[in-house]
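The following exercises are intended for a reader who meets this structure for the first time. Please work through each task before reading its solution.

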Amino acid sequence: MRIGILGSGLMGGKLGTIFARAGHEVIFSYARSEQKLRQLARDIKGKAMSGTPREAAQEADALLLAVHWSRIDDVLTQTGDLSGKVIVTCSLPMNDDNTRLVFGHTSSGAEELAKKIPMAQVVSAFNTVPSEVLFGVYEARRKTNKPSLVYCGDDSNSKGIAAELIRDVGFDPVDAGPLRIARYTEPFALLIGELAYGGKNGPELAYRFEQFGE
Ligand SMILES: NC(=O)c1ccc[n+]([C@@H]2O[C@H](COP(=O)([O-])OP(=O)(O)OC[C@H]3O[C@@H](n4cnc5c(N)ncnc54)[C@H](OP(=O)(O)O)[C@@H]3O)[C@@H](O)[C@H]2O)c1
């Protein structure tokens with residue numbers, strides 16, 4: 001697939017690198033320095049490029065949106081028309097000092113994003129794990145006990161694309177249902193953040209659901 005990265009920081013930089021290593025064509029975009037975007041692409045030695053958000057969006061089979069909530073409107077003004085695009089968002093609707101979610105209970109960041117780009121298909125994924133665990137999960141991708149990763153969205157085709165990317169990183173995709181379930185997954189992401197950054201064992205933390213009984 002051709003995957004555009006909108007926001008090439010901790011999440012976008014690492015996920016884009018993994019997507020490229022997994023065989024996808026990746027375009028890194030949206031950082032404060034073009035030099036950083038070029039370096040990310042160069043370090044991969046595969047099918048990776050750097051470009052503008054508009055270039056990242058053109059002909060993309062999927063876009064990963066990985067910016068702080070305060071940058072969402074800015075990046076969306078730079079992509080051009082996103083009609084029909086699959087937008088996989090890991091962005092959490094945090095306030096400016098990252099102390100709380102600005103949407104919850106009756107809406108979610110993913111749903112508010114979908115309202116901003118109604119002709120695009122939004123899938124919420126990758127927001128429930130810290131960036132620090134991503135390379136470790138990828139390295140362990142051939143092991144049997146894969147960590148889970150919840151995702152949700154309203155369009156089955158887009159969810160299929162997201163599930164493929166989730167599998168490529170090394171997670172077991174867990175379909176949590178429609179986009180409104182992001183009202184539950186986004187606060188869950190904050191729990192994971194607490195455990196990752198507030199716990200004793202460091203941020204290389206993922207989770208795994210197990211089914212018991214028949
Ligand atoms: N980090 C995590 O572990 C984690 C986990 C789950 C969910 N999330 C969510 O994922 C999203 C991305 O998080 P992150 O940690 O990857 O953030 P980040 O490292 O700050 O990356 C954000 C990207 O946006 C770029 N950016 C910021 N301001 C810009 C501007 N004015 N012009 C152009 N580019 C600009 C940054 O540029 P520079 O590269 O130049 O800084 C960076 O590439 C957030 O919504 C966060 O809540 C993060």
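The exercises below concern a predicted model, and each is followed by a worked solution.

**Exercise 1. Helix H2**

Task: Determine which residues of helix H2 are buried and what covers them.

Solution.
- Step 1. Locate the helix: H2 comprises residues 34-44.
- Step 2. Apply the cut-off for burial, which is a relative accessible area under 20%. In H2, the residues Leu37, Leu40, Ala41 and Ile44 are buried.
- Step 3. Consider their directions around the axis. These residues lie on the same side of H2, because the arc that they cover is only 90°.
- Step 4. Identify the cover. Helix H1 (10-21), strand S2 (25-29) and strand S3 (48-50) are among the elements that cover the buried residues of H2.
- Step 5. Inspect what follows the helix. Lysine 45 comes after H2 and has a positive phi, near 55°.

**Exercise 2. Two residues with positive phi**

Task: Tyrosine 30 has a positive phi although it is not a glycine, and histidine 105 also has a positive phi. State for each residue where it lies and whether it is buried or exposed.

Solution.
- Step 1. For tyrosine 30, phi is about 65°. The residue belongs to the loop between S2 and H2.
- Step 2. The relative accessible area of tyrosine 30 is 17%. The limit for burial is 20%, so tyrosine 30 counts as buried.
- Step 3. For histidine 105, phi is near 65°. Its place is the loop between S5 and H5.
- Step 4. With a relative accessible area of 78%, histidine 105 is exposed.

**Exercise 3. An aromatic pair**

Task: Describe the pair formed by tryptophan 69 and phenylalanine 103, and explain which parts of the chain it ties together.

Solution.
- Step 1. Note the total: the structure holds five aromatic pairs.
- Step 2. Give the geometry. The rings of tryptophan 69 and phenylalanine 103 are 6.0 Å apart, centre to centre, with 75° between the planes. An angle over 60 degrees counts as edge-to-face, and this pair is accordingly edge-to-face.
- Step 3. Place both residues. Tryptophan 69 is in the loop between strand S4 (62-65) and helix H4 (72-79), while phenylalanine 103 is in the loop between strand S5 (86-89) and helix H5 (109-116), so the pair ties together parts that are 34 residues apart in sequence.
- Step 4. Assess accessibility. Tryptophan 69 is buried, at 14% relative accessibility, whereas phenylalanine 103 is partly exposed, at 29%.

**Exercise 4. Surroundings of the ligand**

Task: State how many residues surround the ligand, and give examples of polar atoms that lie at short range from its own atoms.

Solution.
- Step 1. The ligand is surrounded by 21 residues, of which the closest are Met11, Arg32, Lys36, Val67 and Ser131.
- Step 2. Take the backbone examples. A backbone N or O atom of tyrosine 30 is 3.4 Å from an oxygen atom of the ligand. A polar backbone atom of cysteine 90 lies 3.3 Å from an oxygen atom of the ligand.
- Step 3. Take a side-chain example. An N or O atom in the side chain of arginine 71 lies 3.1 Å from a nitrogen atom of the ligand.

**Exercise 5. Two buried polar residues**

Task: For asparagine 127 and serine 148, find the location, the accessibility and the contacts.

Solution.
- Step 1. Asparagine 127 is found in the loop between strand S6 (121-124) and helix H6 (134-139). Its relative accessible area is 7%, so the residue is buried.
- Step 2. The side chains of asparagine 127 and serine 124 make a polar contact at 3.2 Å. Beyond its neighbours within four places in sequence, asparagine 127 is in contact with Cys90, Leu92, Glu186 and Ala189.
- Step 3. Serine 148 is in strand S7 (residues 148-153). Its relative accessibility of 2% makes serine 148 buried.
- Step 4. From serine 148, the side chain reaches the backbone nitrogen of phenylalanine 209 at 2.8 Å. Not counting residues up to four places away in sequence, serine 148 touches Phe171, Asp172, Val174, Tyr207, Arg208 and Phe209.
- Step 5. Follow two of these partners further: Tyr207 and Phe209 are linked with Phe188 into a cluster by ring pairs.

Conventions
Residues are numbered from 1 along each chain as its sequence is written. This is a predicted model: local features need pLDDT of at least 70, side-chain atom pairs count only at pLDDT 80 or more; totals for chains, interfaces and linings use all residues. Side-chain values use heavy atoms; hydrogens and water are left out. Buried means under 20% relative accessible area, exposed over 50%, partly exposed in between (1.4 Å probe, protein chains only). Helices (H or I, at least four residues) and strands (E, at least two) are DSSP runs, numbered from the N terminus. The arc is that of the directions from the helix axis to the C-beta atoms. Contact means heavy atoms within 4.5 Å. Rings of Phe, Tyr and Trp (its six-membered ring) pair if their centres lie within 6.5 Å; planes under 30 degrees apart count as stacked, over 60 as edge-to-face and the rest as tilted. A residue is near a molecule or strand if one of its heavy atoms lies within 4 Å of it. A polar contact is a pair of N or O atoms within 3.5 Å; within protein, one must be able to donate a hydrogen and the other to accept it, and residues adjacent in sequence count only if both atoms are side-chain atoms.
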